[in-house]
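Me: I am new to this structure and should be grateful for a close look at one part of it, the open sheet of five strands. Please describe how that sheet is put together, and then place it in its wider setting.

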Amino acid sequence: MLTGRRKDEIWKYFIEEKPDKSNLKTKRVECKKCHTVIVGLVARMKTHVYETCTGSLTNNELDSPSTSYQCQLNDQSAKETGVEVNNGKTNMSNPYKENISEIIQPPKRQKANNSQINTFVIRTTQYEKEKFDNQVARFIFASNSPFRIVEHPEFLKMISMLRPGYDPPNRHKIANELLNDVYDSLSKLIKLELDGKTVCMALDGWSNIHNESIICVCVTDMSDIKNSVYLLDTIDTKDNSHTWDYLVQLAENTIKLCESFGCTVGSVVTDNASNMSKMRTNLAMSEGLNNKHIITYGCSAHLLNLFAHDIEAAGVKSHIKSIFKYFRNTHFFAAKYKLEGGKSLILPQDVRWNTLSDTIQCYLDNWHILYKVCDENRTACNTTIYSKVKDTEMKTTAKEYLVKLKKISVTLDKVQADGCTLSEATHLWLELKRFFELEICNDSMIEKIQKRFDMAVTEYHLLAYILDPKYRGINMNSDQMDSTLDFINLYHQEIMPEIITYQAEAYPFRDYLFKEQTVSQVKPLTWWLSLKKNISSEMLSLVSKLFTASASSAGVERIFSSYGLVHSKLRNRLGIQKSSKLVSIFKSLNKDFTYD
């Protein structure tokens with residue numbers, strides 16, 4: 001009888017094949033269950049039977065103590081499931097008897113295929129990569145981050161942790177291909193939002209970081225709940241002077257550009273520079289508009305800022321600035337002021353409206369601290385500053401000036417909102433005019449506000465004030481009412497009967513339409529659109545222009561602020577067109593987001 005090492009019991013699951021004559025060292029075996037041919041090595045055979053084989057094992061084969069692997073698995077399963085194992089026999093103490101075969105039998109794996117590989121590898125298809133690239137680009141543009149951030153090692157590490165195997169785009173792709181893709185996609189969305197709308201157009205000039213003269217053109221959608229402002233065009237004026245006739249040409253081209261977006265320009269608002277004023281006067285008579293009537297007027301916010309300068313109290317601004325600069329720039333007094341609990345000192349800025357009122361308010365609120373610090377450290381304090389802080393007469397003048405300035409500032413804040421209509425601006429101007437006539441009673445100031453009022457409030461402002469169901473011309477005097485009705489009868493005679501019917505509250509203008517609770521919660525444009533079946537097309541066209549007109553050009557000023565963030569000293573190599581696209585994307589993607 002031959003002796004030798006006993007074969008492993010795993011062999012009973014395989015059929016040994018004859019070795020290939022060309023390679024006698026290779027022994028091949030065939031699985032009895034799945035008929036797979038593998039190398040005749042015991043380790044591989046065990047792996048195949050207990051992990052890979054797709055054939056089913058019989059109960060007899062389960063009971064056979066084939067390997068230590070099987071026994072160890074039984075012990076481990078018993079500990080996890082509460083099944084007691086004694087000498088290979090199981091005592092079921094839990095009710096899940098039907099799952100015993102799954103507990104004892106080792107886990108089986110499917111054949112090696114793509115689905116098995118995908119459980120270990122995160123694949124990124126070409127479609128997914130394009131989506132990821134687009135989203136990375138949108139984040140870069142929305143956060144105003146530099147393009148090269150996508151090549152920073154920490155950014156790449158973060159991407160690798162979030163999505164292994166994904167290779168983000170480089171900065172050149174971000175700055176060119178993806179910038180154009182995102183801009184084009186957002187432009188399509190803007191076209192959908194503006195399609196069929198009547199909008200207000202604003203244009204203004206600005207000098208970028210390279211001191212290049214550019215003009216930005218934006219439109220405001222007042223029919224939208226959010227009163228959205230869209231940058232439509234940025235024009236490099238190059239060596240062209242900003243004369244009124246050149247500006248008229250630019251305005252005509254932009255109005256035609258708006259038509260390509262599917263919207264109609266009903267009104268144009270600009271600042272009150274002389275060239276802009278003459279441009280507005282000639283724009284309505286321009287032959288290039290094909291007799292389209294457009295309402296033109298000056299920015300009320302800009303005129304309120306000019307009026308604040310008109311009534312400026314002599315010496316107050318320079319007096320407070322010198323004190324604040326001394327306390328901010330002198331280390332000893334800055335520390336003493338802070339220890340006494342003084343608030344941050346605000347210096348006025350000419351390019352920011354209403355900062356002067358904030359400066360004066362800060363001066364009056366912290367005057368007692370300024371005085372205390374100077375008095376307790378009299379020997380160390382500059383004699384000029386000490387005398388200015390002790391000047392109670394200038395303090396009284398600043399206090400009186402602040403009363404007037406605060407009223408203007410509150411009005412200006414309301415007027416420069418994107419959603420402020422012509423009727424609201426007119427109401428605010430009339431209230432401000434009444435305040436100076438009744439409260440201040442200074443002939444010089446009354447004359448100044450009358451001048452600014454006449455520049456800001458046109459016949460169309462007063463007409464909008466009459467046709468707004470919330471106001472209905474309540475604060476207008478008889479002269480203003482008569483002049484406005486004469487203007488309507490002269491230039492819009494076809495709608496005169498409807499205006500008389502509106503004032504009489506006759507059909508279709510029922511009493512319930514004028515209830516305070518109704519008109520205070522509904523936009524005037526919405527109010528008139530609800531009656532579009534009962535009013536003429538001429539009346540509907542006019543109210544659409546009046547109540548989609550923004551009271552100020554503050555929207556384009558805010559775009560210039562965005563330009564300052566995007567085209568900064570750190571990003572001075574950006575061109576005009578690329579920076580224009582970045583600003584447009586930045587405004588669009590941050591429309592519903594505010595930076596705290």
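Reply: In this predicted model, the sheet in question is open and has five strands in the order 8-7-6-9-10, with mixed pairing. The edges are held by strand 8 (229-236) and strand 10 (295-298); each has a single partner strand, so one side of each is left without a neighbour in the sheet. From one strand to the next, the twist averages 25°.

Within this sheet, strand 6 (residues 198-207) pairs with strand 9 (residues 264-270) in the parallel sense, over five bridges. One position can be followed in the model: Ala202 stands opposite Val269 in strand 9. Helix 27 (residues 576-589) packs on the sheet, where it touches strand 7 (213-220) and strand 8. The direction of helix 27 makes about 175° with that of strand 8. As background, the strands of a sheet pair through backbone hydrogen bonds, either parallel or antiparallel.

A second sheet offers a useful companion view. This open sheet has three strands in the order 1-2-3, and its pairing is antiparallel. Strand 1 (14-16) and strand 3 (37-39) stand at its edges, each with a single partner strand, so one side of each lacks a neighbour in the sheet. Here the twist averages 35° from one strand to the next. Strand 2 (residues 28-31) and strand 3 are joined in the antiparallel sense over three bridges, and Arg28 stands opposite Val39 in strand 3. Helix 1 (residues 42-52) packs on this sheet and touches strand 1, strand 2 and strand 3; its direction makes about 145° with that of strand 3.

The wider setting is a chain with 27 helices and 10 strands. Of its 596 residues, 43% count as buried. Among contacts between residues at least 6 apart in sequence, 65% join residues at least 24 apart.

Aromatic side chains add further detail. A search of the whole structure finds 24 aromatic pairs. One of them joins Phe332 and Phe333 edge-to-face, at 5.3 Å centre to centre and with 85° between the planes. Phe332 is partly exposed, with a relative accessible area of 37%, whereas Phe333 is buried, at 2%. The rings of Trp527 and Trp528 have their centres 5.3 Å apart and their planes at 75°, so this pair is edge-to-face; both residues are buried. Phe332 and Phe333 also belong to one aromatic cluster with Tyr326, Phe327 and Tyr337. Charged side chains meet rings as well: Lys191 lies over the face of Phe261, at 5.5 Å from the ring centre, and the charged end of Lys433 sits over the ring of Phe453, 5.8 Å from its centre.

Finally, confidence should be kept in view. The mean pLDDT of the chain is 85, and 85% of its residues reach 70 or more. Confidence is lowest in helix 4 (residues 100-104), at a mean of 38, and highest in helix 20 (residues 459-467), at 97. Over residues 59-112 the pLDDT is below 50, and this stretch has 61 contacts in the model beyond near neighbours in sequence. Where pLDDT is low, the predicted coordinates should not be read in detail.

Notes:
Residues numbered from 1 in each chain as written. Predicted model: local features only at pLDDT ≥ 70, side-chain atom pairs only at ≥ 80, totals over all residues. Heavy atoms only, no water. Pairing = 2+ DSSP bridges. Helix = DSSP H or I, 4+ residues; strand = E, 2+ residues; numbered from the N terminus. Axes fitted to C-alpha atoms, helices over the stretch in contact; angles between N-to-C directions. Contact = heavy atoms within 4.5 Å. Phe/Tyr/Trp six-rings, centres within 6.5 Å; stacked < 30°, edge-to-face > 60°. Buried < 20%, exposed > 50% of the residue type's maximum accessible area, 1.4 Å probe, protein only. Lys NZ or Arg CZ within 6 Å of the ring centre and 35° of its normal. pLDDT = per-residue confidence, 0-100.
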